[in-house]
Amino acid sequence: MSGTLASPRDLFLQLLAQMLWIERTLAFEVLPELHRQVRSESLAEAVEQHLEQTHGHVATVETAFRTLGAEPASARSAAVAGLKEEHEELAGKISDPRLADLFHAGAAIATEHAELAGYEQLLELARALGRTDLEQALEQNRADEEETLRRLQALAAALREDLGGS
């Protein structure tokens, strides 16, 4: 998708393409790799559950494209690509597994914030388009992300507390 964005629909499709890139990148690259890296059982379980959920998010976003009569297309999200690159750069430098898990949790939290912001934009545009069908579908993804954020924040607090003794 490129060119001029002249209507709410054009902008919606562009942002939807970025969200598809984010969800696909998480589902097929980031979360599987993160699952291999974490040592905390509770964090690994949360990552695994979010991975399953993210596959559903990919399907929901693809369906949103089709609902608008467009073929699903993805467009790189510079914000999430930057988070991914930063994580990759720093994760390998951390020698303490407990500290690494806290870092992984923090990186996941940052990504959840980015996803939530993206879904909020999409929901506002779905409302502007008068598309309650799209709003309802994407609202479930947003709600899932919000729940994942809360869970990650609780896990990060526990990891931080465990780390406090060293």
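Helices (H or I, at least four residues) and strands (E, at least two) are DSSP runs, numbered from the N terminus. With that in hand, here is a short tour of some charged pairs and one histidine.

This is a predicted model, in which local features need pLDDT of at least 70 and side-chain atom pairs count only at pLDDT 80 or more, while totals for chains, interfaces and linings use all residues. Residues are numbered from 1 along each chain as its sequence is written, and side-chain values use heavy atoms, with hydrogens and water left out.

**Salt bridges**

A salt bridge here is a side-chain nitrogen of Lys or Arg within 4 Å of a carboxyl oxygen of Asp or Glu. Searching the whole structure turns up 15 salt bridges. Here are some of them, with the distance between the closest N and O atoms.

| Basic residue | Acidic residue | Closest N and O atoms |
|---|---|---|
| Arg36 | Glu33 | 2.9 Å |
| Arg98 | Asp96 | 3.8 Å |
| Arg142 | Glu139 | 2.7 Å |

Let's start with Arg36 and Glu33. Both sit in helix α1 (residues 8–37), and because they are three residues apart there, about one helical turn separates them. To describe their surroundings we need three words: buried means under 20% relative accessible area, exposed means over 50%, and partly exposed is in between (1.4 Å probe, protein chains only). Arg36 is exposed, at 53% relative accessible area, whereas Glu33 is partly exposed, at 33%.

Next come Arg98 and Asp96, whose closest N and O atoms are 3.8 Å apart. Arg98 has a relative accessibility of 38% and counts as partly exposed. Asp96 is partly exposed too, with a relative accessible area of 24%.

Arg142 and Glu139 belong to helix α5 (residues 132–163), where they are three residues apart, about one turn of the helix. Arg142 is buried, with a relative accessible area of 11%, while Glu139 is partly exposed, at 27%. This pair has company: salt bridges with shared partners join Glu120, Glu139, Arg142, Glu146, Glu147 and Arg150 into one network.

**A histidine in helix α3**

Finally, have a look at His87, which is found in helix α3 (residues 78–91). His87 is buried, its relative accessible area being 14%. Which residues does it touch? Setting aside neighbours within four places in sequence, His87 is in contact with Leu34, Gln37, Phe103, His104 and Ala107, where contact means heavy atoms within 4.5 Å.
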